[in-house]
Amino acid sequence: MTLTVEISRRYREFDLDVAFTGGDELGVIFGFSGAGKSLTLQMISGLKRPGAGRIVLGDRVLFDSSRGIDLPPGERRIGYLF
């Protein structure tokens, strides 16, 4: 299943700007502390809202700011472990 993420959000400390596409293979998000890894995962899972962009999992649009789509976490069917 393909995951496409193209999101951005402006924070006081930094601007989050993420874009990637992954398929059935194993994916890894890595970076320095404070780079936005957890924020990205929280936005994919629906726990936080991007300022703009799109998140598509397979043929399901989870978030699309231009179309006003923002599925709640329970409807996204994505697990997120802290």
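**Exercise 1. Determine which residues line the largest pocket and which of them lie nearest its centre.**

*Step 1.* The lining of the largest pocket consists of 26 residues, and Leu3, Phe20, Ile29, Leu41 and Ile44 lie nearest the centre. A pocket is an open set of points on a 1 Å grid over the protein atoms alone, where a 1.4 Å probe fits, with protein on both sides within 12 Å along at least five of seven lines; lining residues have an atom within 4 Å of a point. Rolling a probe the size of a water molecule over the atoms shows where empty space is left.

*Step 2.* The elements that contribute two or more residues to this lining are strand E2 (15-22) and helix H1 (37-45). E2 gives the most, with five residues. Helices (H or I, at least four residues) and strands (E, at least two) are DSSP runs, numbered from the N terminus.

*Step 3.* The volume of the largest pocket is about 620 Å³. A volume is the space filled by probe spheres set on the points, and grid points are joined across faces, edges and corners.

*Step 4.* Sorted by class, the lining has 15 nonpolar, eight polar and three charged residues. Here Ala, Val, Leu, Ile, Met, Phe, Trp, Tyr, Cys and Pro count as nonpolar, Asp, Glu, Lys and Arg as charged, and the others, Gly among them, as polar.

*Basis of the values.* The model is predicted, with residues numbered from 1 along each chain as its sequence is written; local features need pLDDT of at least 70 and side-chain atom pairs count only at pLDDT 80 or more, whereas totals for chains, interfaces and linings use all residues. Side-chain values use heavy atoms, and hydrogens and water are left out.

**Exercise 2. Identify the residues of the largest nonpolar core that touch the most other members.**

*Step 1.* A nonpolar core is a set of buried Ala, Val, Leu, Ile, Met, Phe, Trp, Tyr and Cys residues joined through side-chain atoms within 4.5 Å. Buried means under 20% relative accessible area, exposed over 50%, and partly exposed in between (1.4 Å probe, protein chains only).

*Step 2.* The largest nonpolar core has 13 residues, of which Leu3, Val5, Ile7, Leu16, Val18, Ile55 and Leu62 touch the most other members. Two or more residues of this core come from each of strand E1 (3-10), E2, H1, strand E3 (52-57) and strand E4 (60-64).

*Step 3.* Consider Val5, which is placed in strand E1. Val5 is buried, because its relative accessible area is 0%. Leaving aside neighbours within four places in sequence, Val5 is in contact (heavy atoms within 4.5 Å) with Val18, Ala19, Phe20, Ile44, Arg54 and Ile55.

*Step 4.* With the same exclusion of neighbours within four places, Leu16 is in contact with residues including Ile7, Tyr11, Ala35, Leu39 and Met43.

**Exercise 3. State which residues of H1 are buried and what they pack against.**

*Step 1.* In H1, the buried residues are Leu39, Thr40, Gln42, Met43, Ile44 and Ser45.

*Step 2.* These buried residues of H1 pack against E1, E2, E3, E4 and H2.

*Step 3.* Gln42 serves as an example: its relative accessible area is 15%, so Gln42 is buried. Apart from neighbours within four places in sequence, Gln42 is in contact with Leu47, Lys48 and Tyr80.

*Step 4.* Gly46 follows H1, and its phi is positive, near 95 degrees. A positive phi, near 55 degrees, is also found in Arg77, a residue other than glycine. Arg77 lies in the segment after helix H2 (73-76), and a relative accessible area of 65% makes Arg77 exposed.

**Exercise 4. Find which residues are joined into one network by salt bridges that share partners.**

*Step 1.* A salt bridge is a side-chain nitrogen of Lys or Arg within 4 Å of a carboxyl oxygen of Asp or Glu. The whole structure holds five salt bridges.

*Step 2.* One of them joins the side chains of Asp70 and Arg49 at 3.0 Å, N to O. Asp70 lies in strand E5 (residues 69-70) and Arg49 in the loop between H1 and E3, so this pair ties together parts that are 21 residues apart in sequence.

*Step 3.* The side chains of Arg76 and Asp70 also meet in a salt bridge, at 2.8 Å, N to O. Hence Arg49, Asp70 and Arg76 form one network through salt bridges that share partners.

*Step 4.* Classify the partners by accessibility. Asp70 is partly exposed at 35%, Arg49 is partly exposed at 42%, and Arg76 is buried at 0%.
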